Amino acid sequence: WALGGIGIWWPNRTLADHPLSQGEDTYAYEKEEVGGVALWGAITGDKASSTRAELAAAVLSAVSEGPVHQGSDSMAFIKKANKILQGQNLTKKRPWALQDDGDLWEWYELAVHTKGTDSVAATWVKGHAKSKDIADGRASEETKEGNDWSDTVADRGVECFHEQGLTGLAAFFADKQKVLQNLLVRIHNMFIR
């Protein structure tokens, strides 16, 4: 079982000019910051991977009013999202229910088709960019700031919604799982010897 957070940084947005959609209001917390709006929430489950967190954030941003440009440092998300945006049928061989994170991919597909695929763009951005990445052209000041903000507000999702005790309990059980795995490896090695 894993704990994660989703974060969206919407630069140049004000809540007075661009209020929250019903989906954003229902599934995220928001704060208007200098320069934009931060949205965040929790994600839990047995597979709270980074791709799943990126996808959950993308679903949330896709239900906003008006066009949206989704910048993500997850190439796995960007590749699949762009296939959906290009109209490819990703359920021809396997339905969403049999694909990793299929529940959220199905919601994403529905959200972007409802909004209109011409109103959604998904672009890869360099995660954790440094000055050298900007100098070398792998990132821009704008994408670095956006990714840094998204990471910061995703941390809010973890910190605010997963009580400190719950985070500690999850870490305790993760450590116990590692000890069990090491024990099993030692037992198997003993049998092999």
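## Contacts around Ser150

Two residues are taken to be in contact when heavy atoms of each lie within 4.5 Å. On that basis, Ser150 touches Gly7, Ile8 and Trp9, with residues up to four places away in sequence left out of the count. The model described here is predicted.

Ser150 belongs to helix H6. Its relative accessibility is 17%, and because buried means under 20%, Ser150 counts as buried.

## Overall architecture

The protein contains seven helices and five strands. Read from the N terminus, these elements follow the order β-α-β-β-α-β-α-α-β-α-α-α. Along the principal axes, the C-alpha atoms occupy a box of roughly 65 × 40 × 40 Å.

Of the 193 residues in the protein, 36% are buried. When contacts between residues at least 6 apart in sequence are considered, 68% of them link residues at least 24 apart. The exposed surface of the protein amounts to about 12000 Å², of which carbon and sulfur atoms contribute 54%.

## The largest pocket

The largest pocket encloses about 960 Å³ of space. Its lining is made up of 39 residues, and those closest to the centre of the pocket are Trp9, Gly71, Ser72, Gly146 and Ser150. Four elements give two or more residues each to this lining: strand S1 (2-11), helix H2 (50-62), strand S4 (68-72) and helix H6 (141-161). The greatest contribution is that of H6, which provides ten residues.

In terms of residue class, the lining of the largest pocket comprises 16 nonpolar, 17 polar and six charged residues. Two of the residues closest to the centre, Trp9 and Ser150, are also in contact with one another.

## The second largest pocket

The second largest pocket holds about 580 Å³ of space. It is lined by 23 residues, with Tyr27, Ala56, Val59, Leu60 and Trp107 the closest to its centre. At least two lining residues come from each of helix H1 (22-27), strand S3 (36-45), H2 and helix H4 (102-115). H4 accounts for the largest share, with seven residues.

By class, this lining consists of 16 nonpolar, four polar and three charged residues. Helix H2 is listed among the contributing elements for the largest pocket and again for the second largest pocket.

## Asp73 and its surroundings

Asp73 is located in the loop between S4 and helix H3 (75-85). With a relative accessible area of 24%, Asp73 falls in the partly exposed class. Apart from neighbours within four places in sequence, the residues in contact with Asp73 are Glu54, Trp124, Val125, Lys126, Gly127, Asn147 and Asp151.

One of these contacts involves polar side-chain atoms: the side chains of Asp73 and Asn147 are joined by a polar contact of 3.2 Å. Asp73 and Thr152 are separated by 79 residues in sequence, while their C-alpha atoms lie 14 Å apart in space.

## Met75 in helix H3

Met75 is situated in helix H3. Its relative accessible area is 38%, so Met75 is classed as partly exposed. The C-alpha atoms of Met75 and Trp124 are 6.3 Å apart in space, although 49 residues separate the two in sequence. Trp124 is also among the residues in contact with Asp73.

## Backbone conformation at two loop residues

Most residues other than glycine have a negative phi. Asn12 has a positive phi, near 65°. This residue lies in the loop between S1 and H1. Asn12 is exposed, its relative accessible area being 71%.

His128 likewise has a positive phi, near 55°. The residue is found in the loop between strand S5 (120-124) and helix H5 (131-135). With a relative accessible area of 51%, and because exposed means over 50%, His128 counts as exposed.

Technical notes:
Residues are numbered from 1 along each chain as its sequence is written. This is a predicted model: local features need pLDDT of at least 70, side-chain atom pairs count only at pLDDT 80 or more; totals for chains, interfaces and linings use all residues. Side-chain values use heavy atoms; hydrogens and water are left out. On a 1 Å grid over the protein atoms alone, a cavity is a set of points where a 1.4 Å probe fits but cannot get out, and a pocket is an open set with protein on both sides within 12 Å along at least five of seven lines; lining residues have an atom within 4 Å of a point. Grid points are joined across faces, edges and corners, and a volume is the space filled by probe spheres set on the points. Ala, Val, Leu, Ile, Met, Phe, Trp, Tyr, Cys and Pro count as nonpolar, Asp, Glu, Lys and Arg as charged, and the others, Gly among them, as polar. Buried means under 20% relative accessible area, exposed over 50%, partly exposed in between (1.4 Å probe, protein chains only). A polar contact is a pair of N or O atoms within 3.5 Å; within protein, one must be able to donate a hydrogen and the other to accept it, and residues adjacent in sequence count only if both atoms are side-chain atoms. Accessible areas come from the Shrake-Rupley method with a 1.4 Å probe; for residues, only the protein chains shown count as cover.
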